[in-house]
Each structure stands twice: as structure tokens, then as C-alpha cells.
Amino acid sequence: MIAALFDRLRQGDRNALARLVSQAARGEHLGEMQAALLPSPSGRGAGGEGNCARVVAFTGSGGVGKSTLIGKLIPLVREQNLKVAVLACDPQSPLTGGALLGDRFRMGNSTDDGVFIRSLAAVSGHGGLAEHLDVIIRLLETFGFDVIFLETVGSGQGDVDVRKYSDVVALLVQPESGDDVQWEKAGILECADVVIVHKSDLPGADQTAAQVRAALDLSMAHAAPVLRVSTKANTGHAELWQTIQVLPARRQQPTAARLLFQAALDSLGQRFDAVERTRDAELEHLADAWRRGESSTPDAINSLLRILTQRI
Amino acid sequence: MDQPQRIVLAKVGLDGHDRGIKVVARALRDAGMHVIYAGLWQTPEAVVRTVADEDADWLGLSLLSGAHMTLVPRVMELLKQAGLADTGVLVGGIIPEADMPKLHDLGVAKIFGPGTSLDDIVSFVQKPRERTP
Ligand SMILES: Nc1nc2c(ncn2[C@@H]2O[C@H](COP(=O)(O)OP(=O)(O)OP(=O)(O)O)[C@@H](O)[C@H]2O)c(=O)[nH]1
Ligand SMILES: [Mg+2]
């Protein structure tokens, strides 16, 4: 089933992409997906396999205007004939598992084939991001998207995790949020590659920009650009997009060896589950010996790996 | 599998009230669903694109403008064209009795009139659905 979906994905079937993103987000078939997403030996495959997108994360407190801003950037990206996907994360209730995903309606309702907008639920404690984003991003790259915008849950936290998945982190702050001390305390500014003073149509934008600048100058050598943007007054977007494009890409494309290792880890996990279910005598014997201290941990690990590679 | 079901809620047509649809959105979220709120003034084309990209199990369409006999058939036709005929379509709004069979014939799974209780809506969408792979 996964193989059929991947065939369709490579033929440019949007529904297959959407379905695969759902499965990845739920953590289903991850091993098979990792394997299917391995780059072809020749490098750039037919379906844009070696395609490497620019991933830009937008973070900042709730209501600072992340979704609206992304909605305004989409046409600028499209003007350059680049295809853009958006992954918009909103929190999932830890109690019911439910989520209200309300970002996309602020991003405009495009029916342009070069735009893909997907809402994802983020479990708490995951840095304001949906799970398995690495796989989801690779799915989008394989489909041929050139630019990927990530919107994190508006908490102002978790920006360190965001860095792992993105080339550029854009932090949004708004005038008169009185947060200048908090930014420094939380180390939030350090995680930003560009700081956007959004809603700069509101009074106090100059002052906020100066505060951010001063905090950046104080805290470290890194000189993140500080830009003023107003989505309401429609100013600053072209300059912002320009800036984002010339910032160096942070994300390292994983080597084939590392991707293979990831796939191996997933496969080992599945094998272990299968072997454990059968209450395998050798496995139980090994585990007992290890618990009693008769077998050292490194030895026991080697024996375990042997069992897992022999079975199945 | 009790993975959360995904439902897109959209308001097509011209009237601009979203209170009702937001109340429904919250109730469905509290029932454990992933609710994608697509907003007001949606065109049938934009709604169907949203269903596609969001890989939704359900589409809840709200209409009050009386244009249901043009808008709903158009959405159903576009869903079919997009290979999404297996989406469960719910219609909320004031639909004259006489039009209901026509909408059901088009494949609408359920029509919820004004005054439907939230519990009725929630229990209807909580029934598991079969979808094509
Ligand atoms: N004054 C002003 N208001 C804006 C601007 N951009 C967005 N807003 C308003 O800010 C509010 C929040 O915008 P969103 O885009 O939903 O903010 P968000 O950061 O995505 O919010 P969450 O997803 O809830 O974290 C909306 O009411 C917008 O209309 C702007 O440039 N100026
Ligand atoms: Mg948002």
C-alpha cells in the first residue's frame, strides 16, 4: 500500500502526498517511508528526489500574526515560480486528542497547484511542532516543493527544536509587547535567524525594533537582521522574503548513510516488537542474564542485535 | 484504529456569520477530532482543495444563503473529479424538506437543520468510516 502511494507521489498525485503526510504525522510506516525516501544512487531522481527545499520556520507568541504573514509571503514565492508548501501546527489537547486547526483560513484560499497548505496537530511537549516533521519535509521535497514554511504553535517556546528542522528561523514580535526582558531570559532571540517586528503599523514599532536590536547586540556576536513588517499596511514583505532567501541554509541534507541508519533503527524497532511478542526463549534468557549481571551491557547489546538480525 | 478523524469545516456562499460553525468546531474538537477550520466565503473549488490537502475524512459545509442547490452539487462534482468521492459530506443550514432527498442522492451523508443538537452531530461523525486507500 505504501509502495503504491509512493508511486503516485512520484507521479505528482496530490492526494497521495496528503495521505502520506497523514500517515507520517501519525507515525505509521515510518521505516518503510524512510527507506522509500532514500535518495536514488544517481542523485536527482525523476520525482525531484534529490530536491532540497528551503525550510523557513515562523515562531512567536499566539496572535502575533504568523499565519497572516505567511499568507502574504505565498504570492511572493509564487511570483518567482517556486512551489511552496506550508505546515501549520496548532496544539492538540493532551486529554481528548482533539485539535482545532485554525491557521489556514488566515493564509488565503488559493487553488493554485503550486501551493500546498497542511494543518498539523502538535502534541504538547514537542516544541510546538508536529511529530515526524523530518519525514514530512522529505515527502514535500520529493513531491517537488522548493520552499516550505513551518508555522509553530504560538507559545514563543521550543525554538531550539525548530532549528533542527529549518534552514531559517523567523521570530515574530509585536510592538509594545513589553516582552524585551522575557526574550532575553528565555533565550528566544538567540534562536532566531531573522527577527520580524510585525504589525509595525501599530505605535511603538520603532522602539520595539530598537529594543530587539539592543538585546541582540548585548547577548551575542550574532547579527540577526531585524525587519519591520506590517501585513495590515502591506509593507516590508518583499524585503523580508529577500532577506530570508539570502540567509545561509542551516539544514544539512542527511547523508545516504545516515538515512539508511534511520531506516535501520525503525526496522530494528519493528523486529524487536515482533520477537518480543513471540516470547522468544533466547531473548528472555538473554534479558535475565543481563538483569542478574551475568552479562555485561555491551555484550548483551551485541547478543540482542544478533537475535534481531537472525530472526525475520 | 482510533486515530483522530479529520474534518474540514467551511462556510460557502455569501453570508458572513461564523458563530454557529465555530461552536460546532469546538464541540468536535472536544470529542477528540482534528478540526480544520477553513473559514467563511469559501468557493467550492477552494473547499475541495482544502479537503484534498488536509486529507480529510469529513467535510462539513455550512450554508444559509439559500444557494444550496447550486453550491452543494458543485462541491460534490468537484470532489468526484478530485478523486475524493469517499469524503463524508455533511450539510448544515436551512434546507427545505423538498430538497433533502436531492442532496442525499448527490451523496450527502447527512443534513443537520437549525436546532440540531451538538451531541447528534458528534455522535454521527464518530462512527468509523471506510475510506479507499
Ligand atoms: N495591526 C495589525 N494586525 C495584524 C497584522 N497582521 C495580522 N494582524 C492581526 O493579528 C491577529 C492574529 O493573526 P494570526 O495570523 O492569526 O496570528 P498567529 O500568530 O498565526 O496566531 P496563532 O496561530 O494563534 O499563534 C489577526 O486578528 C490579524 O488580523 C498587522 O500587520 N497589523
Ligand atoms: Mg496562526
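**Exercise 1. Around Gln92(A)**

Leaving aside its neighbours within four places in sequence, which residues is Gln92(A) in contact with? Find where Gln92(A) lies as well.

*Solution.* Keep in mind that you are working with a predicted model.

- Step 1: Start with the location. Gln92(A) sits in the loop that runs between strand S2 (84–91) and strand S3 (99–101) of chain A.
- Step 2: List the partners. Within chain A they are Gly97(A), Gly98(A), Ala99(A), Ala121(A), Ala122(A) and Val123(A), and from chain B there is His34(B).
- Step 3: Look for a polar pair. A polar atom of the Gln92(A) side chain is 3.4 Å from the backbone oxygen of Gly97(A), and this fits the cut-off for a polar contact, within 3.5 Å.

**Exercise 2. Placing Asp146(A)**

Work out whether Asp146(A) is buried, partly exposed or exposed, and find the backbone atom that its side chain approaches.

*Solution.*

- Step 1: Find the loop. Asp146(A) belongs to the one between helix H5 (133–143) and strand S5 (147–151) of chain A.
- Step 2: Classify the exposure. Buried means under 20% relative accessible area and exposed means over 50%; Asp146(A) has 24%, so this residue is partly exposed.
- Step 3: Check the side chain. One of its polar atoms lies 2.7 Å from the backbone nitrogen of Lys83(A).
- Step 4: Compare sequence with space. Ala85(A) is 61 residues away from Asp146(A) along the chain, yet their C-alpha atoms are separated by 8.1 Å.

**Exercise 3. Two histidines with positive phi**

Describe the backbone and the setting of His29(A) and His132(A).

*Solution.*

- Step 1: Take His29(A). Its phi is positive, about 55°, although the residue is not a glycine. The loop between H2 and helix H3 (30–36) of chain A holds His29(A), and its relative accessible area of 32% makes it partly exposed.
- Step 2: Turn to His132(A). Here too a residue that is not a glycine has a positive phi, of about 60°. His132(A) is in the loop between strand S4 (115–122) and H5 of chain A, and at 25% relative accessible area it is partly exposed.

**Exercise 4. Two helix pairs**

Describe how H10(A) packs with H12(A) and how H2(A) packs with H2(B).

*Solution.*

- Step 1: Decide what to report. Two packed helices are described by the angle between their axes and the distance between the axes.
- Step 2: Take the pair within chain A. The axes of H10 (residues 256–277) and H12 (residues 297–310) of chain A come within 10 Å and cross at roughly 85°, which means that H10(A) is roughly perpendicular to H12(A).
- Step 3: Name the contact residues. H10(A) brings Leu268(A), Arg271(A), Phe272(A) and Val275(A), while H12(A) brings Leu304(A), Leu305(A), Ile307(A), Leu308(A) and Thr309(A). Sorted by class, this contact has 7 nonpolar, 1 polar and 1 charged residues.
- Step 4: Repeat for the pair between chains. Helix H2 (residues 14–25) of chain A and helix H2 (residues 44–53) of chain B have axes 8 Å apart, at an angle of about 50°; H2(A) is therefore oblique to H2(B).
- Step 5: Name these residues too. Arg14(A), Asn15(A) and Ala18(A) meet Arg49(B), Ala52(B) and Asp53(B), and the classes are 2 nonpolar, 1 polar and 3 charged.

**Exercise 5. Chain A as a whole**

How many helices and strands does the secondary structure of chain A come to?

*Solution.*

- Step 1: Count the elements: 12 helices and 8 strands.
- Step 2: Add the burial. Of the 312 residues in chain A, 47% are buried.

Methods. Residues are numbered from 1 along each chain as its sequence is written. Chains are lettered from A and ligands numbered from 1 in the order in which they are written. This is a predicted model: local features need pLDDT of at least 70, side-chain atom pairs count only at pLDDT 80 or more; totals for chains, interfaces and linings use all residues. Side-chain values use heavy atoms; hydrogens and water are left out. Axes are lines fitted to C-alpha atoms, for helices over the stretch in contact, and angles run from 0 to 180 degrees between N-to-C directions. Helices (H or I, at least four residues) and strands (E, at least two) are DSSP runs, numbered from the N terminus. Angles under 35 degrees count as roughly parallel, over 145 as roughly antiparallel, 65 to 115 as roughly perpendicular and the rest as oblique. Contact means heavy atoms within 4.5 Å. Ala, Val, Leu, Ile, Met, Phe, Trp, Tyr, Cys and Pro count as nonpolar, Asp, Glu, Lys and Arg as charged, and the others, Gly among them, as polar. Buried means under 20% relative accessible area, exposed over 50%, partly exposed in between (1.4 Å probe, protein chains only). A polar contact is a pair of N or O atoms within 3.5 Å; within protein, one must be able to donate a hydrogen and the other to accept it, and residues adjacent in sequence count only if both atoms are side-chain atoms.
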